[in-house]
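Here are my notes on this one, in the order I'd go through them. Have the structure open as you read.

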Amino acid sequence: WHEEENVIVVTYRDGSNNQYGTIVAGTVSGSTITWGTPLTFTNFYLDPSDIVYEPTNKKLMVQGHREDNNSYWDNRIYCFQFSCSGTTITAEGNVTLDPNQRNNRCGNVVYRTGTTRVLCAHWYSTNMYVTAVNSGASSIGSAGSMSTINTTGSLSSPYIVWDATNNRCVS
């Protein structure tokens with residue numbers, strides 16, 4: 001949900017367009033959603049995992065993993081930034097969170113209260129990482145280094161929440 005524009009926003013892998021990453025905004029009236037024009041924001045197979053609204057810069061932040069040639073073993077993790085005006089979405093760049101070509105997967109993205117930062121959870125094998133990404137006024141900001149959260153057990157869907165009371169990320 002984009003609070004400022006009062007629209008619902010969805011990201012997906014477009015099966016009718018080479019599995020490219022796509023985003024679209026829609027207005028809600030009663031039980032009807034009227035969708036704007038979808039924006040294809042990658043030219044590669046992308047599986048978007050989560051989207052979050054960053055209210056300070058009024059940006060949408062999307063995390064996704066790339067699958068080159070539909071191969072599960074050639075992935076990279078990205079975070080993308082978008083602006084929204086009504087149902088018009090504009091891409092404002094991306095940063096690579098994990099450049100390693102391996103079987104990476106994404107978890108979720110949370111907004112760190114009181115900042116311009118989002119936290120992105122992602123994993124590989126038994127390693128769970130969280131990477132902070134700064135939004136920017138007109139283009140995506142920098143990404144921090146990957147912080148290892150967990151290196152034991154088996155992970156399939158790493159999720160985090162922001163504990164604003166204690167100013168910490170909880171896995």
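1. Surface first. The protein chain has an accessible surface of about 8,200 Å², and carbon and sulfur atoms hold 43% of that. Keep in mind that this is a predicted model. Of the chain's 171 residues, 45% count as buried.

2. On to the fold. You'll find 0 helices and 13 strands in the protein chain, so the pattern along the sequence is β-β-β-β-β-β-β-β-β-β-β-β-β. Taking the contacts with a separation of 6 or more, 47% are between residues 24 or more positions apart.

3. Have a look at strand 5, residues 59–67. How many of its residues are buried? The count is 8 of 9, so strand 5 is mostly covered. Strand 5 also has partners to go through: it pairs with strand 4 (residues 39–54) in the antiparallel sense, over 8 bridges, and with strand 6 (residues 75–85), again antiparallel and over 8 bridges.

4. Two cross-strand positions are handy for checking the register. On the strand 4 side, aspartate 47 stands opposite histidine 65 of strand 5. Towards strand 6, arginine 66 faces arginine 76, which belongs to strand 6. As a reminder, side chains in a regular strand alternate between the two faces of the sheet.

5. The turn between strand 4 and strand 5 deserves a glance too. This hairpin has 4 residues between the strands, and lysine 58 takes a positive phi near 60 degrees there.

6. Next, threonine 11, in strand 1 (residues 8–14). Is threonine 11 buried or exposed? Its relative accessibility is 16%, and because the cut-off for buried is under 20%, threonine 11 counts as buried. Leaving aside residues up to four places away in sequence, threonine 11 touches Thr22, Ile23, Pro48, Ile51 and Val62. Of these, Pro48 and Ile51 fall within the range of strand 4, residues 39–54, while Val62 falls within that of strand 5, residues 59–67.

7. Last, a nonpolar patch on the surface. Which residues make it? They are Val10, Val28, Ile33 and Trp35, and the patch comes to about 310 Å². Isoleucine 33 sits in strand 3, which covers residues 32–35. With a relative accessibility of 36%, isoleucine 33 counts as partly exposed, because that value lies between the 20% limit for buried and the 50% limit for exposed.

Definitions and conventions: Residues numbered from 1 in each chain as written. Predicted model: local features only at pLDDT ≥ 70, side-chain atom pairs only at ≥ 80, totals over all residues. Heavy atoms only, no water. Patch = residues over 30% accessible without salt bridge, like charges linked within 9 Å, V, L, I, M, F, W, Y side chains within 5 Å. Areas by Shrake-Rupley, 256 points an atom, 1.4 Å probe, with all protein chains shown as cover. Salt bridge = Lys/Arg side-chain N within 4 Å of Asp/Glu carboxyl O. Helix = DSSP H or I, 4+ residues; strand = E, 2+ residues; numbered from the N terminus. Buried < 20%, exposed > 50% of the residue type's maximum accessible area, 1.4 Å probe, protein only. Contact = heavy atoms within 4.5 Å. Pairing = 2+ DSSP bridges.
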